[in-house]
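Here is a friendly walk through one model, written for someone who likes to check contacts and angles. Please keep the viewer open as you read.

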Amino acid sequence: MLKAENIFAGYGGSNVLKGITIEVPEGSCVALVGANGAGKSTLAKTLCGLLIPEKGRIVFNGRDITGLCASSISRKGLCLCPEGRRVFAPLSVEENLLLGAFPRLPSIGPFRKKASGDLEKIYGMFPILMDRKSQQAGSLSGGEQQMLAIGRVLMAKPRMVILDEPSLGLAPIVLKEVFEAIVGLRRAGTTILLSEQFAKNALAVSDRAYILENGTVVLEGPSSELARDPSVIEAYLG
Ligand SMILES: Nc1ncnc2c1ncn2[C@@H]1O[C@H](COP(=O)(O)OP(=O)(O)OP(=O)(O)O)[C@@H](O)[C@H]1O
Ligand SMILES: [Mg+2]
């Protein structure tokens, strides 16, 4: 579904990604594991068109998307849930969710009605969002905001979603709910690239994983094997 080959990218001339090659097969969940500053978010942004690579090639669903802008890439079905629970704070929970569906549903008039079946699915996945649907997104707890950020990207009905550190700062019980949602999403056929600093959950729910250090892939393989690798255990599972 997604193949990125020999990607070099960075900010203002500084190279952060130094020749990264990754592949995410259709229907799979692939984890991207790395410490602070390894380049996970830079790779996520590059794959989604928020950063243009200096070198390399990105193919999504059989099409070369290298250099396309983020809005074209998201319309092709590759969507990013960015790091840091980005929600539109002054808008309500439901307005945030509806905005996720906006690019794929025409006209304002019957918009709410057209999106209602999809809204129900998100509320089924995260019932707390249903309870809070009229509340301002900015006043949600951190965990609720993370659920909303995931819910909003799913409203776009992506073929593939990149989740950048969905577990950051979440309490164990909320973490469990978010990872259950990720497992459900994958079961429903969405292809997932999951970026995480702490590898335990990411390796548990993914098929394959890439370990990133300093902008390069230092290790890759089936997640169950990496979860038993002593160097991975020491660095990311300890
Ligand atoms: N907007 C930016 N401008 C300049 N440098 C940046 C920018 N964003 C990130 N960097 C640098 O790129 C490097 C990789 O950062 P990146 O955010 O990709 O890491 P990460 O693996 O996502 O880390 P974390 O786990 O902390 O989110 C870091 O050295 C960082 O300082
Ligand atoms: Mg990051």
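## A definition to start with

A polar contact here is a pair of N or O atoms within 3.5 Å. With that cut-off in hand, and bearing in mind that this is a predicted model, we can turn to the ligands.

## Around ligand 1

Which residues are closest to ligand 1? They are N36, K40, T42, E83 and E165, and the full surrounding set has 13 residues. Sorted by class, this shell holds six polar, four nonpolar and three charged residues. Helix α1 supplies three of the shell residues, the largest share.

Several atom pairs are worth picking out in the viewer. A polar atom in the side chain of N36 sits 2.7 Å from an oxygen atom of ligand 1, and a polar backbone atom of G37 is 2.8 Å from an oxygen of the ligand. The side chain of Y11 places an N or O atom 3.4 Å from a nitrogen atom of ligand 1, which counts as a polar contact because the pair is within 3.5 Å. On its own, ligand 1 would expose 630 Å², and the protein buries 59% of that area.

Y11 itself belongs to strand β1. This tyrosine is partly exposed, since its relative accessible area is 36%. Its C-alpha atom lies 9.7 Å from that of I52, although 41 residues separate Y11 and I52 along the chain.

## The magnesium ion

Which protein atoms act as donors to the magnesium ion, ligand 2? They are OG of S41 and an OE atom of E83, at 2.0 to 2.3 Å from the metal. These two donors bring together distant parts of the chain, 42 residues apart: S41 is in helix α1 (residues 40–47), while E83 is in the loop between β6 (78–81) and α3 (93–101).

Are the two donors buried or exposed? S41 counts as buried because its relative accessibility is 18%, with the cut-off for buried set at under 20%. E83 has 31% and therefore counts as partly exposed. E83 is also listed among the closest residues to ligand 1.

## The antiparallel sheet

Four strands make an open sheet with antiparallel pairing, in the order β2-β1-β4-β5. At its edges are β2 (14–24) and β5 (63–64), each of which pairs on one side only.

Inside this sheet, β1 (residues 2–11) and β4 (residues 55–60) are joined by five bridges in the antiparallel sense. To find the register, look at K3, whose bridge partner in β4 is V59.

## Strands β3, β9 and β10

Strand β9 (residues 208–213) has a parallel partner in β3, with five bridges between them. V30 is matched with R208 of β9 in this pairing. The pairing of β9 with β10 (residues 216–222) is antiparallel and runs over six bridges; here A209 stands opposite G221 of β10.

Just ahead of β3 (29–34), S28 lies in the loop that connects β2 to that strand. S28 is buried, because its relative accessibility is 9%. A polar atom of its side chain is 2.6 Å from the backbone oxygen of P25.

## Positive phi angles

Most residues other than glycine have a negative phi. Which residue of the β9 and β10 hairpin takes a positive phi? It is N214, with a value near 50°, in a hairpin that has two residues between its strands.

K157 and E165 make a nice pair to inspect next. K157 has a positive phi near 55° and lies in the loop between α6 (142–154) and β7 (160–164). Phi of E165 is near 50°, again positive, and E165 is found in the loop between β7 and α7 (172–187).

Their surroundings can be compared through accessibility. K157 is partly exposed because its relative accessible area is 48%, whereas E165, at 3%, counts as buried. E165 brings us back to where we began, as one of the closest residues to ligand 1.

Terms used
Residues are numbered from 1 along each chain as its sequence is written. Chains are lettered from A and ligands numbered from 1 in the order in which they are written. This is a predicted model: local features need pLDDT of at least 70, side-chain atom pairs count only at pLDDT 80 or more; totals for chains, interfaces and linings use all residues. Side-chain values use heavy atoms; hydrogens and water are left out. Donors are N, O and S atoms within 2.8 Å of the metal (3.2 Å for Na, K and Ca); water is not among the atoms, so sites may look incomplete. Buried means under 20% relative accessible area, exposed over 50%, partly exposed in between (1.4 Å probe, protein chains only). A residue is near a molecule or strand if one of its heavy atoms lies within 4 Å of it. A polar contact is a pair of N or O atoms within 3.5 Å; within protein, one must be able to donate a hydrogen and the other to accept it, and residues adjacent in sequence count only if both atoms are side-chain atoms. Accessible areas come from the Shrake-Rupley method with a 1.4 Å probe; for residues, only the protein chains shown count as cover. Ala, Val, Leu, Ile, Met, Phe, Trp, Tyr, Cys and Pro count as nonpolar, Asp, Glu, Lys and Arg as charged, and the others, Gly among them, as polar. Two strands pair if DSSP finds at least two bridges between them.
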